[in-house]
Amino acid sequence: MNLELLQVFLNIVLIFTALYLICIAAFTFGLFNLKERFHSVNKNNLIKVSVLIAARNEEKNIEKLLESLKKQSFPKELFEVIIVNDHSTDNTDEIINDFINKNKELDVKLLKAEKKGKKHAISQALHTAINELIIVTDADCVLNDLWIESIVGFYQEEKCKMILAPVLLSPAENLFEKMQVLEHLSLIGSTAGSASIGFPVMCNGANMAYERKAALEVEKFRKDFDIPSGDDMFLLEQFVKRYGHNNVKFLLSKSAVVKTKTCKTIKDFFRQRRRWVSKTKSYTSWKVIVTALIVLFFNLSIISLLVSAFFVPALWSIYILLTLLKFFIDFPLLKNITNFMNQGSLLKWVLPLEIIYPFYAVFTALSGTIFTKLKSENGKWSQSN
C-alpha cells in the first residue's frame, strides 16, 4: 500500500470514526436524559386497551404469556386480548382455547389468520380491535404484572401517538447467551436514546403501543406488506412521517419491561439477524438509513484496519486504538441500560464483544443483503415472524 493510498484510507477511517462517535454520543445523551419512573394511571380518565399478539407454533411459550396477561394489575374489564393464530402446525390453538375456557373473566379472542405472516396477523387484529390504545407484544414474551398499567399511565401523561418500551432477552446462562443479551441491550439503549433526542431510528415489535385510529390511518400509506420482516420498523417510519418525531416516545420503566428468549443456536441467531438486515433496503427514512450506514462502515473500517495491518505492521497500533476507542464510546450507553435492566454483571463482557462485534455486524449485513437478493430473485420470501 503506497503512502498516498494509505493516507486516503486513514482519512476515511477517521471520518467514519467521527460520525460514529457523534451518533453514539447523541444516543447516550438522550438515554441519560430519560427519567426512569412508574407512571400511575389516572383513574378519573381511564381508557380501554386492546393487546394484539401474532402467534405461530408457540405451544412452548404461549401459556406463560397468557398467565402473565391474567396477572395484570390493570382492570380486566378495561382490556381485551386479540390473538391471531398465524397458521400454526402445533398445539398453539388448543392451548389458547383451553386458557379461554378456564378464564372467562378475561376478554380473549382467538382469530384464524386470513393471510400468512406477522404483519398481516397484526393488521387483522388491529382491524378487529375496538379500544382506543393498542399494545403489541410477541407470543414468546413474559410480561411484568404492571405492564399494561405503566403503558396506560405513560400514554395518559404524554398523549403521544406511539410508545416504544424495553425488551430484555433472557436467560443469560452461557457466554453465547450473555453476548446476545448485551448486544440486544445496546439496541434497546440506542432505541431509547434516539427517541429521547427526537431522532427515533429503532423499535422492537415485542413491546410497543400506539393509538388505534392513528395506526389505521398510517396503514393506508404502508407498502411493506410483501416484505416478511419489519412489522415494527416500517410502522415506526410511517408514524414519524405522518405525525412527527415528537409523537414517538420511549417509556423507561422497569414495570414496562417484557422478557423474551435468547436464540439457542448460532444458526438461529444468524438467521434472525439476516432477516432483520434483509428489510433495510426497503427503508425510506434517511435517519434510519444514515444511522445504519454509519454503524456498518465504522465496523468495516475496523476490519479493514485489521486486515491491512498484516501488510502494513504500523497499522496494528491504530487497529488496537480504534477498538479501544469503540469500547470507550459504547461503554457509557451500555452501562446505563444494563444498570436499568439489572444486568450490570454483563459489563465485563463488553470488551470481548467489542472485538467480535465488527465481524458479526459486517457478516450479517453482507449475508442479509445476499439473502435478500437470492430470495427476491427466486420469488420466495420466508414467512417467519
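Reader: What is the bridge partner of Leu 164 in β8?

Author: Leu 164 has Met 208 of β8 as its bridge partner. Note that the model is a predicted one.

Reader: How do you know that β6 and β8 pair?

Author: Two strands count as paired if at least two bridges are found between them. Strand β6 (residues 162–164) and β8 have 3 bridges, in the antiparallel sense. The count of 3 meets the cut-off of at least two, so the strands are called a pair.

Reader: What makes β4 and β8 a pair?

Author: The rule asks for at least two bridges, and β4 (residues 133–138) has 5 with β8, again antiparallel. Val 136 is matched with Met 208 in β8, and Leu 133 with Glu 211 in β8.

Reader: How many bridges join β1 to β4, and do the strands run parallel or antiparallel?

Author: There are 6 bridges between β1 (residues 49–55) and β4, and the two strands run parallel. One facing pair is Ser 50 of β1 and Ile 134 of β4.

Reader: Why is β4 called largely enclosed?

Author: A residue is buried when its relative accessible area is under 20%. In β4, 6 of the 6 residues are buried, so the rest of the structure largely encloses this strand. In a regular strand, side chains alternate between the two faces of the sheet. In β4, Leu 133, Ile 135 and Thr 137 lie on one side, while Ile 134, Val 136 and Asp 138 lie on the other; all of them are buried.

Reader: What makes β8 mostly covered?

Author: Strand β8 (residues 207–211) has 5 of its 5 residues buried. Asn 207, Ala 209 and Glu 211 point one way, Met 208 and Tyr 210 point the other way, and all are buried.

Reader: Why is one side of β5 and of β7 left without a neighbour in the sheet?

Author: The open sheet has 3 strands in the order β5-β10-β7, with mixed pairing. Strands β5 (142–143) and β7 (167–170) stand at its edges with a single partner strand each, so one side of each lacks a neighbour in the sheet. Between β5 and β10 (residues 258–261) there are 2 bridges, and the strands run antiparallel. Two bridges are enough, because the cut-off is at least two. One of the matched pairs is Val 142 with Lys 259 in β10.

Reader: Why does Thr 262 count as buried?

Author: The relative accessibility of Thr 262 is 5%. The cut-off for buried is under 20%, so Thr 262 at 5% counts as buried. Thr 262 lies in the loop between β10 and α9 (266–278).

Reader: Which residues does Thr 262 touch, not counting those up to four places away in sequence?

Author: They are Leu 169, Ser 170, Pro 171, Glu 177, Gln 180 and Val 181. To count as a contact, heavy atoms must be within 4.5 Å.

Reader: How do you know that the radius of gyration of the protein agrees with a compact globule?

Author: For 385 residues, the expected value for a compact globule is near 21 Å, and the protein has 22 Å, so the two agree. The C-alpha trace spans about 75 × 45 × 40 Å along its principal axes. Of the 385 residues, 52% count as buried. The protein has 12 helices and 10 strands in total.

Definitions and conventions. Residues are numbered from 1 along each chain as its sequence is written. This is a predicted model: local features need pLDDT of at least 70, side-chain atom pairs count only at pLDDT 80 or more; totals for chains, interfaces and linings use all residues. Side-chain values use heavy atoms; hydrogens and water are left out. Helices (H or I, at least four residues) and strands (E, at least two) are DSSP runs, numbered from the N terminus. The radius of gyration is taken over C-alpha atoms; the globule rule is 2.2 Å times the number of residues to the power 0.38. Buried means under 20% relative accessible area, exposed over 50%, partly exposed in between (1.4 Å probe, protein chains only).
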